Amino acid sequence: MSISELSMVFLIAFSGLAFFDGFVLHLWKYKLYYYDDTFYEHKLHTVRAVLFPIVLIGLFLFEIKGWLYVLVLTITVIDLIVQVFDMWEEKRARNRFGGLSSIEYILHVTLTSLHTSMLILYLIAKPSGSFTYNGLEIILAKNFQFLVVINLLPGAILVALLHLVLCHSYFRRGMTLSRK
């Protein structure tokens, strides 16, 4: 198995667990979009959900070199920064639920490890000369990588749209709890 294929395995594992964490726990069980004291965390999740399809396309669906690759890496770094803000916010936002459960702590550590491993392996596998401000080269990914991304992308887009829709005030009606 090549390094880029191993990166794809981590991407698949990350995506499956992230769906469970984001959809089942954050949106369905805890309804983070619904409460004033958890809404900021939902907004952070929304930013990451919107960035994820861009990262999927920019890093994995196409082999990109040049200034566009630099732009995609910048978006990836922004995603990592938002992840840090999310981790910082979780303690305060989850007070109403008695904090994060042990299973969610374990899940978040696992997700962070998978995400980081996926990105590091991707960067190791990337050919030298990809990171440049001059020129531009875009080639559609091949075989396994293409198959993985093309199957993950529709779900990633739907999850991003769902997060955006749930930011609307309609889904927060009647909630007047303020931040502590």
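## Exercises on helix packing and salt bridges

Arg48 and Asp79 form a salt bridge (a side-chain nitrogen of Lys or Arg within 4 Å of a carboxyl oxygen of Asp or Glu), and their closest N and O atoms are 2.7 Å apart. The model is predicted, so local features need pLDDT of at least 70 and side-chain atom pairs count only at pLDDT 80 or more, whereas totals for chains, interfaces and linings use all residues. Residues are numbered from 1 along each chain as its sequence is written, and side-chain values use heavy atoms, with hydrogens and water left out.

**Exercise 1. Place the salt bridge of Arg48 and Asp79 in the chain, and state whether its two residues are buried or exposed.**

Step 1. Arg48 belongs to helix α2 and Asp79 to helix α3 (residues 67-93), and the pair links distant parts of the chain, 31 residues apart. Helices here are DSSP runs (H or I, at least four residues), numbered from the N terminus.

Step 2. Arg48 and Asp79 are both buried, where buried means under 20% relative accessible area, exposed over 50% and partly exposed in between, with a 1.4 Å probe and protein chains only.

Step 3. His115, which is in helix α4 (residues 102-125), has Arg48 and Asp79 among its contacts, together with Phe14, Leu80 and Gln83, when neighbours within four places in sequence are left aside; contact means heavy atoms within 4.5 Å. His115 is buried, with a relative accessible area of 3%.

Step 4. Val82, in helix α3, also touches Arg48, as well as Leu44 and Val47, not counting residues up to four places away in sequence. Val82 is buried at a relative accessible area of 12%, and its C-alpha is 6.6 Å from that of Leu44, although the two residues are 38 apart in sequence.

**Exercise 2. Find how many salt bridges the whole structure has, and describe those of Asp36 and Glu89.**

Step 1. A search of the whole structure gives 7 salt bridges.

Step 2. In the pair of Asp36 and Arg172, the closest N and O atoms are 2.3 Å apart. Asp36 lies in helix α2 and Arg172 in the segment after α5, so this pair ties together parts that are 136 residues apart in sequence. Asp36 is partly exposed, with a relative accessible area of 22%, while Arg172 is buried, with 18%.

Step 3. In the pair of Glu89 and Arg92, the closest N and O atoms are 2.1 Å apart, and both residues lie in helix α3, 3 residues apart, which is about one turn of the helix. Glu89 is buried at a relative accessible area of 8%, and Arg92 is partly exposed at 22%.

Step 4. Glu41, Arg94 and Glu104 are linked in a network of salt bridges.

**Exercise 3. Describe how α1 packs with α2 and with α5, and how α2 packs with α5.**

Step 1. Two packed helices are described by the angle between their axes and the distance between the axes. The axes are lines fitted to C-alpha atoms, for helices over the stretch in contact, and the angles run from 0 to 180 degrees between N-to-C directions.

Step 2. The axes of helix α1 (residues 3-29) and helix α2 (residues 36-61) come within 13 Å and cross at roughly 155°. That angle makes α1 roughly antiparallel to α2, given that angles under 35 degrees count as roughly parallel, over 145 as roughly antiparallel, 65 to 115 as roughly perpendicular and the rest as oblique. The contact is made by residues including Phe14 of α1 and Phe52 of α2, and by class it has 7 nonpolar, 5 polar and no charged residues. In this scheme Ala, Val, Leu, Ile, Met, Phe, Trp, Tyr, Cys and Pro are nonpolar, Asp, Glu, Lys and Arg are charged, and the others, Gly among them, are polar.

Step 3. Helix α2 and helix α5 (residues 143-166) pack at about 155°, with their axes 9 Å apart. That makes α2 roughly antiparallel to α5, and by class the contact has 21 nonpolar, 5 polar and no charged residues.

Step 4. Between α1 and α5 the angle is about 20° and the axes are 11 Å apart, which makes α1 roughly parallel to α5. The contact of α1 with α5 divides into 12 nonpolar, 4 polar and 1 charged residues.
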